[in-house]
Amino acid sequence: ELKTLLKERGCTDMPEIVHGAEGIVEAATVGSADTVVTGIVGAAGLLPTIEAIKLGKDIALANKETLISGGPVINPLVEKHGINMLPADSEHSAIFQCLQGVPPGGLRRVILTASGGAFRDFSKDELFKMCEEDPRAVQKKATTHPNWDMGAKITLDSATMMNKGLEVIEAHYLFGASYEDIDIVIHPQSIVHSMVETQDTSCIAQLGWADMRLPIVYSVSWPHRLKMPYKPLNLAEIGSLTFKAPDTEKYPCIALAYAAGKKGGTMTAVLNAANEAANEMFREDVGLGFLDIPKLIEGAMEAHKEDFKVDDVTLDDILSCDAWAREYVAENTKNVVRAPILST
């Protein structure tokens with residue numbers, strides 16, 4: 001269809017057109033590229049990223065699920081092939097920028113900032129009551145982000161705060177910080193994109209408007225700083241910046257992500273796949289409630305303990321766990337609807 005349309009529009013020098021999973025791998029491994037930006041949502045970005053790394057291409061990583069699902073495989077490949085993996089999402093780019101000049105061993109703590117998502121101004125009781133009395137309104141609000149235009153999947157992940165839990169796992173793999181040294185703080189203005197604390201307790205933050213162009217540009221231009229025609233940050237215009245701790249009872253996905261990360265191995269692949277499946281089913285309106293999402297994820301993690309693997313994890317192990325977790329969510333959706341609210 002695309003070829004026909006191009007011909008009708010007068011295209012005489014027809015480009016090579018690829019599609020599907022094989023087409024994505026072809027695009028990621030094209031010979032003329034020395035850096036590949038991986039921005040596909042979900043675990044679909046895993047295989048093309050691996051193939052690009054094998055060819056010695058640097059990776060500008062905007063797809064957090066690649067490391068969350070495939071960290072046990074990806075990190076050894078990065079080391080083996082000697083490539084750079086630079087974050088292209090706002091929070092991890094901020095951390096990476098803050099770490100420039102921090103000597104080895106100088107990092108004490110990573111502080112990830114979060115907008116708080118669609119329900120940041122609701123108390124736990126208000127949110128739970130709304131889920132019970134008006135699930136349609138919850139569904140509509142959960143897919144609308146107050147600060148960013150990020151697409152449906154990530155917007156819902158922001159509402160459940162699973163996106164921040166996933167970013168905790170990604171920060172662990174990218175920067176080597178232990179889970180005990182990675183904190184989350186809600187920052188509604190989305191101006192401070194994340195911070196690091198050094199061993200002497202100094203905190204270094206990266207600030208900027210809520211604009212994804214900057215982290216993407218930095219991921220492909222590092223270590224240089226390019227002059228860009230963006231609006232300069234004006235702190236006086238902003239007026240004030242506020243921060244508060246997240247309510248883990250209101251956002252049980254945060255605790256689930258930390259638990260999966262600390263478990264390691266194949267558990268993070270199960271967490272990610274179960275979340276992707278539950279997220280999609282919620283948006284497809286099959287009767288899954290907002291609070292059912294963490295119930296399904298927790299159930300998948302619990303069931304996976306029987307087949308959990310932590311040593312010598314292979315790509316086949318990750319793909320198998322990914323497929324199993326999606327099947328688990330599909331089969332158990334009816335069991336969690338109207339089940340008691342998850343408590344952490």
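**Figure 1. A close-up of the largest nonpolar core in this predicted model**. Welcome to the interior: the largest nonpolar core has 82 residues. Those with the most contacts inside this core are Met 85, Phe 119, Leu 271, Phe 290 and Ile 297. Helix H13, which covers residues 267-283, supplies the largest share of the core, with 10 residues. If you wonder how such a core fits a broader pattern, nonpolar side chains tend to be buried together in soluble globular proteins.

**Figure 2. Phe 290 and the residues it touches**. Here we zoom in on Phe 290, one of the residues with the most contacts inside the largest nonpolar core. Leaving out residues up to four places away in sequence, Phe 290 touches Phe 119, Leu 127, Cys 131, Val 138 and Ala 142, together with Leu 156, Ala 159, Thr 160 and Phe 282. Phe 119 also appears among the core residues with the most contacts.

**Figure 3. An open sheet of 3 strands with parallel pairing**. Following the sheet across, you meet the strands in the order E1-E2-E3. Strand E1 (35-38) and strand E3 (85-87) are the edge strands, each pairing on one side only. On average, neighbouring strands of this sheet are turned by 20° against each other, direction ignored. Strand E2, residues 58-61, pairs with E3 in the parallel sense over 3 bridges, and Leu 61 stands opposite Pro 87 in E3. Lying across E1, E2 and E3 is helix H10 (residues 213-221), which runs at about 160° to E3.

**Figure 4. Asp 58 and its surroundings in strand E2**. Is Asp 58 buried or partly exposed? Asp 58 counts as partly exposed because its relative accessible area is 24%, and buried would require a value under 20%. Beyond its neighbours within four places in sequence, Asp 58 is in contact with Asp 34, Thr 35, Val 36, Ile 83 and Asn 84. With Asn 84 you can look at one atom pair in detail: a polar atom of the Asp 58 side chain lies 2.9 Å from the backbone nitrogen of Asn 84. For a sense of scale, Asp 58 and Ala 142 are 84 residues apart in sequence and 35 Å apart in space, C-alpha to C-alpha.

**Figure 5. The hairpin of strands E6 and E7**. Strand E6 (residues 192-198) and strand E7 (residues 203-207) run antiparallel and are joined by 5 bridges. Glu 197 stands opposite Cys 203 in E7. Between the strands there are 4 residues, and Thr 201 takes a positive phi near 75° in this hairpin.

Key. Residues numbered from 1 in each chain as written. Predicted model: local features only at pLDDT ≥ 70, side-chain atom pairs only at ≥ 80, totals over all residues. Heavy atoms only, no water. Pairing = 2+ DSSP bridges. Helix = DSSP H or I, 4+ residues; strand = E, 2+ residues; numbered from the N terminus. Axes fitted to C-alpha atoms, helices over the stretch in contact; angles between N-to-C directions. Contact = heavy atoms within 4.5 Å. Buried < 20%, exposed > 50% of the residue type's maximum accessible area, 1.4 Å probe, protein only. Polar contact = N/O pair within 3.5 Å; in protein donor to acceptor, adjacent residues only side chain to side chain. Core = buried A, V, L, I, M, F, W, Y, C linked by side-chain atoms within 4.5 Å.
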